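Subject: A structure to look through, with notes

Dear colleague,

I am handing over the structure that I have been reading, and I would be glad if you could keep it open while you go through the notes below it.

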Amino acid sequence: MPSDAIRRSGITRVLRWLSAALVSLAPLAVSAQSNRPLSHDDVAWLQRVGFGIDSASVARYQQLGRARYLDEELAARDSTLPPAIDALINSYDVVRTPPAQLLMAYRDHRQQFKNAAEGTDKEATRKTLQEYRKKLYQQDAQVELLHAIYGRDQLKEQMVWFWLNHFSVYAAKGRVRLVATDYAEHAIRPHALGKFRELLMATLKSPAMLEFLDNAQNIKGKTNENYARELMELHTLGVGAGYTQQDVQQLALILTGAGIAPLREGRPGRFGERGRAGFVRDGLFVFNPNRHDFSDKTLLGHTIKGSGYDEIEQAVTLITRQPACARFVSRQLAEYFVADQPPPALVAAMTQTFQRTDGDIAAVLRTMFDSPALAASHGKKFKDPTQFLVSAIRLTYDGKPIGNAAPLVNWLNQMGEPVFGRITPDGWPLDGASWSGSGQMAKRFDVARAIGSGRNRLFMSDDDATGPRPGAPTLNTPLYRAAIEPHLSDATRTALGKAQSPAEWNTFLLSSPDFNYR
């Protein structure tokens, strides 16, 4: 075992090598060996379909072949998780407690803080409220990361992550953290590979989106344009799509009355049952006709008669069938999966599929995955922090269930891409340049070292401060030797050869350009 000075010197040298290689955003060449069961193209393709390879995904790919594997991934019929992970997720309050009860509990905590006497009582209730908020956010983030790492349908897991970013919400605003998991699991996940229109409607009706972009306060005579603007600019049409400020204003009028049901002890959301005809209730979503502007509207050149909730359905259909929507969504998908500047021909082909299938997300993805442009981009797309973290855990632990997901959340926060943590509604950047600065690469190296050394708390509870920590995990496995080692660049082989301990070897592999590009 080398001395600390030698170890630090070795890490410093490799960090310099890593930074120089990654900042250039020029992936090092790999040498595929055709005599291996998995070609470099096979492995690279698998890295795009999922967050990262593990033994189960490789075995399934070898059994099914590429065409059937893609068919199964697009069908996404297997939502099972390892029993230990399923039990962990279902132990969280944000999963096992109905959203209305979470909202009422939060309301009670706030009321206790408001009513507490100044001094020690006030401070104690303030601390309790802060800890409650922190716990719920930690659980929101852990649920999503655990699904990403252990979900069998990896393409669906990537699409859940993509749509959570595309339809981004910020957990720290208002009550969003109380309904963030509900948003992911009931608005995003069921529609991640379905029709785009249905996905948009599900996000529109979610309490998280209504709270984050203020449509819960959008009522007749006091319109709030925030959600209408972002729905057109960030969610559907994109900047420069030809819509006007008047279109935004008209959409805001269409959305008046769409909000969140008030909470009543024992009978959450009773509001509206005695109201006029046209009241709509779906979970915590309500459309209150008493708060709706019933004037006729003109949106994107089309007249929408004042009719209540049906105006929203008509507007969403109109917007999602615009050619600009097909182009915008297709380009976003191509940028995430293929290249920072995706080939125009690929975007055009995906756009045509989107229009031909009325926004069938799975069909659009099939066009992309069957395209020569995807194969041409293998090894050139830099992983964002989430892709890096999830792929590192999938490779390192290869399906072994962890018992404590808190380190995952902390590592992702350190790398600057926290779950539900984007303050602005535009989502995290999709391009590699946004994630390859020297400071960010240093953080990524630190995370690689924490994973590769085994000196982390993934298998220890927060209360277990004295128990022994596991040693460095073994990455030099049959999976590594079959799918990774044959295709490593000379520079990575040289760096691995200089490692002076298993922990350093793991760290250098996870930090290498070969691993950080896909």
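The notes that follow go from the whole chain to single helices, strands and residues.

Please keep in mind from the start that this is a predicted model. The protein chain has 25 helices and 5 strands, and of its 518 residues, 55% count as buried. Among the contacts between residues at least 6 apart in sequence, 73% join residues that are at least 24 apart. The surface that the protein chain exposes comes to about 21,400 Å², and carbon and sulfur atoms supply 50% of that area.

A good place to begin is helix 20, which covers residues 406-414 and in which A406, P407, L408, V409, W411 and L412 are buried. What lies over these buried residues? The cover includes helix 7 (120-150), helix 8 (154-166), helix 19 (385-397) and helix 21 (438-453). Two packed helices are described by the angle between their axes and the distance between the axes. For helix 7 and helix 20, the axes come within 9 Å of each other and cross at roughly 95°. Because angles of 65 to 115 degrees count as roughly perpendicular, helix 7 is described as roughly perpendicular to helix 20. On the side of helix 7, the contact is made by Y137, Q138, A141, Q142, L145, L146 and I149, while helix 20 brings A406, L408, V409, N410, L412 and N413 to it. Just after helix 20, you will find G416, which takes a positive phi of about 90°.

Staying with helix 7, you can follow the chain to D153, which is placed in the loop between helix 7 and helix 8. Is D153 buried or exposed? Its relative accessibility is 4%, so D153 counts as buried, the cut-off for that word being under 20%. Leaving aside residues up to four places away in sequence, D153 touches R60, E72, E73, A76, R77, D78 and S79. One of these, D78, is 75 residues from D153 in sequence, yet the two are 6.2 Å apart in space, C-alpha to C-alpha.

A second pair of helices is worth setting beside the first. The axes of helix 12 and helix 13 (residues 245-254) come within 8 Å and cross at roughly 125°, which makes helix 12 oblique to helix 13. The crossing of these two helices is right-handed. The contact is made by A228, R229, L231 and M232 of helix 12, together with Q245, D247, V248, L251 and A252 of helix 13.

One residue of that contact, L231, can be looked at on its own; it lies in helix 12, which covers residues 226-236. With a relative accessible area of 1%, L231 is buried. Not counting residues up to four places away in sequence, L231 touches L200, L204, T236, L251 and I319. L231 and L251 are 20 residues apart in sequence, and their C-alpha atoms are 9.3 Å apart in space.

Turning to the strands, 3 of them form an open sheet in the order 1-3-2, with antiparallel pairing. The edge strands are strand 1 (258-260) and strand 2 (280-282), each of which pairs on one side only. From one strand to the next, the twist averages 25°. Strand 2 pairs with strand 3 (residues 285-287) in the antiparallel sense over 3 bridges, and R281 stands opposite V286 in strand 3. Strands of a sheet pair through backbone hydrogen bonds, either parallel or antiparallel.

Finally, there are two loop residues whose backbone angles deserve a careful look. Most residues other than glycine have a negative phi, and most peptide bonds are trans. L300, in the loop between strand 4 (297-299) and strand 5 (302-304), has a phi near 50°, a positive value in a residue other than glycine. D358, which is found in the loop between helix 16 (344-356) and helix 17 (361-369), likewise has a positive phi, of about 55°, although it is not a glycine. At 34% relative accessibility, D358 counts as partly exposed.

With best wishes

Terms used
Residues are numbered from 1 along each chain as its sequence is written. This is a predicted model: local features need pLDDT of at least 70, side-chain atom pairs count only at pLDDT 80 or more; totals for chains, interfaces and linings use all residues. Side-chain values use heavy atoms; hydrogens and water are left out. Buried means under 20% relative accessible area, exposed over 50%, partly exposed in between (1.4 Å probe, protein chains only). Helices (H or I, at least four residues) and strands (E, at least two) are DSSP runs, numbered from the N terminus. Contact means heavy atoms within 4.5 Å. Accessible areas come from the Shrake-Rupley method with a 1.4 Å probe; for residues, only the protein chains shown count as cover. Two strands pair if DSSP finds at least two bridges between them. Axes are lines fitted to C-alpha atoms, for helices over the stretch in contact, and angles run from 0 to 180 degrees between N-to-C directions. Angles under 35 degrees count as roughly parallel, over 145 as roughly antiparallel, 65 to 115 as roughly perpendicular and the rest as oblique. A crossing is left-handed if the near helix is turned anticlockwise from the far one by less than a right angle, and right-handed if clockwise.
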